[in-house]
Amino acid sequence: MKRTFSHYSTKTEEQRCKYVGTLVKENEDKHMSEIASNGSRTEPEKASEQHLFDSVGSVITVGDTTIPFTKLHMWPLVVLVENVLSHEECNQLIRLSGERLKRSKISSERVVNQMRTSSGMFFEESENDVIGTLEKRFSKIMNIPVEHAEGLQILNYTPGQEYKAHHDFFLPTSKAASNNRISTMVVYLNDVEEGGETYFPEIDITVTPKKGSAVYFEYFYNDEELNKKTLHGGAPVVRGEKWVATQWMRRKRVR
Ligand SMILES: O=C(O)CCC(=O)C(=O)O
Ligand SMILES: [Fe+2]
């Protein structure tokens with residue numbers, strides 16, 4: 001029996017756009033929880049409707065760009081996405097964030113975080129044309145309206161720096177959980193000489209950074225156990241440095 005893994009798989013592009021549009025127009029929280037309550041792991045046919053990412057086939061077309069992807073894991077869905085950014089776009093993001101990162105490094109207010117030893121910064125939402133264009137592309141790939149996108153985060157790791165295993169969603173006790181994160185795309189802005197892999201210890205997946213490629217995963221399942229399996233971290237960089245851009249999507253719009 002052919003199994004499809006997309007909520008939109010039987011819909012035409014027009015229907016799909018209409019459907020995604022309702023995420024913005026309607027009470028999104030209700031809408032998303034409706035999707036989430038469609039099934040559970042024990043009911044695979046229904047659970048298959050849970051995916052946010054349109055994972056039918058092996059490419060996504062954004063404008064005239066073809067973006068190949070490979071499913072690494074199904075429940076929870078983890079996808080390797082290639083050619084998300086050109087090398088020039090990667091360099092541009094590093095350049096744009098570089099100055100501000102330098103400032104944050106010397107700031108006296110900098111709090112040393114044991115979980116994440118890298119340096120980071122956030123771009124403002126649609127801060128400039130470059131960021132605006134990339135946010136729209138990420139939103140197409142992640143299949144969620146750009147209004148649900150947080151400002152893009154840039155992280156820079158030098159040898160020895162890492163991001164210990166964590167979840168990207170907020171705990172129910174946190175204030176932010178009322179509009180929680182539902183999916184993540186970590187885009188690699190450079191090739192790392194050694195180390196710096198993104199690892200998912202619960203599902204035994206390791207992704208090696210490749211300039212312009214990305215790892216996507218989602219955790220809006222109705223089943224908390226599945227969400228928790230998206231535990232992930234950035235392994236210590238051994239040689240060279242590592243730059244990533246992280247895009248998080250929220251259940252409800254943030255802009
Ligand atoms: O650097 C990585 O590989 C992971 C980054 C990450 O987990 C995050 O930005 O939330
Ligand atoms: Fe993360």
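Two strands count as a pair here if DSSP finds at least two bridges between them. Keep that in mind as we walk through this predicted model, since one strand, S14, has two partners worth looking at. Strand S7, residues 181-188, runs antiparallel to S14 and pairs with S14 over 7 bridges. Strand S5, residues 153-157, is also antiparallel to S14, with 5 bridges between the two.

You can pin these pairings to individual residues. Val244 in S14 has Leu155 standing opposite, and Tyr188 also stands opposite Val244. S14 itself is mostly covered, with 8 of its 9 residues buried. As general background, side chains in a regular strand alternate between the two faces of the sheet.

Let's step back to the whole chain for a moment. The protein chain has 255 residues, and 35% of them count as buried. Its secondary structure comes to 6 helices and 14 strands. Take the contacts between residues separated by 6 or more positions: 74% of them involve residues 24 or more positions apart.

There is a record to set beside this. UniProt, in an unreviewed entry, places the feature "domain: Fe2OG dioxygenase" at residues 148-251. In the model, that span is 5% helix and 43% strand, and its end C-alpha atoms lie 7 Å apart.

Now for the ligand. Which residues are around ligand 1? They are Leu155, Tyr163, Asp168, Val186, Thr198, His232, Gly234, Val244 and Thr246. Two elements give two or more residues to this shell: strand S12 (232-234) and strand S14 (242-250). By type, the shell divides into 4 nonpolar residues, 4 polar and 1 charged. Two names should look familiar, since Leu155 and Val244 belong to the shell and also stand opposite each other, with Val244 in S14.

Val244 turns up again in the nonpolar interior. The largest nonpolar core has 46 residues, and those with the most contacts inside it are Met142, Met185, Val187, Leu189, Ala214, Tyr216 and Val244. Several elements each supply at least two residues of this core: strand S3 (78-81), helix H4 (87-106), helix H5 (129-142), S5, S7, strand S11 (214-218) and S14. Leu189 is a good one to click on. Leaving out neighbours within four places in sequence, Leu189 is in contact with Cys90, Leu93, Ile94, Lys211, Trp243, Val244 and Ala245.

From the core, move out to a couple of loops. Glu125 sits in the loop between strand S4 (119-122) and H5. Is Glu125 buried or exposed? Partly exposed, because Glu125 has 16 C-beta neighbours inside 10 Å, and a buried residue would need 20 or more. Not counting residues within four places in sequence, Glu125 is in contact with Gly151 and Arg255. The C-alpha atom of Glu125 is also 9.6 Å from that of Val254, although the two are 129 residues apart along the chain.

Asn179 makes a nice companion case. This residue is in the loop between strand S6 (163-166) and S7, and Asn179 counts as partly exposed because 16 C-beta neighbours fall inside 10 Å. Leaving aside residues up to four places away in sequence, Asn179 touches Arg250, Arg251, Lys252 and Val254. Asn179 and His148 are 31 residues apart in sequence, and their C-alpha atoms are 9.7 Å apart in space.

Finally, have a look at the backbone. Most residues other than glycine have a negative phi, and most peptide bonds are trans. Trp75 and Pro76 are joined by a cis peptide bond, with omega about 5°. Pro76 is found in the loop between strand S2 (65-73) and S3.

Two asparagines have a positive phi. For Asn83, in the loop between S3 and H4, phi is near 50°. For Asn143, in the loop between H5 and S5, phi is near 65°. What about their surroundings? Asn83 has 15 other C-beta atoms within 10 Å, so Asn83 is partly exposed. Asn143 has 22 C-beta neighbours inside 10 Å, which means that Asn143 counts as buried.

How values were computed:
Residues are numbered from 1 along each chain as its sequence is written. Chains are lettered from A and ligands numbered from 1 in the order in which they are written. This is a predicted model: local features need pLDDT of at least 70, side-chain atom pairs count only at pLDDT 80 or more; totals for chains, interfaces and linings use all residues. A residue is near a molecule or strand if its C-beta atom, placed from the backbone, lies within 6 Å of it. Helices (H or I, at least four residues) and strands (E, at least two) are DSSP runs, numbered from the N terminus. Ala, Val, Leu, Ile, Met, Phe, Trp, Tyr, Cys and Pro count as nonpolar, Asp, Glu, Lys and Arg as charged, and the others, Gly among them, as polar. A residue is buried if 20 or more other C-beta atoms lie within 10 Å of its own, exposed if 12 or fewer, and partly exposed in between; C-beta atoms are placed from the backbone. UniProt positions are given in the numbering used here, feature names are shortened, and annotations may be inferred rather than shown by experiment. Two residues are in contact if their C-beta atoms, placed from the backbone, lie within 7 Å. A nonpolar core is a set of buried Ala, Val, Leu, Ile, Met, Phe, Trp, Tyr and Cys residues joined through C-beta atoms within 7 Å.
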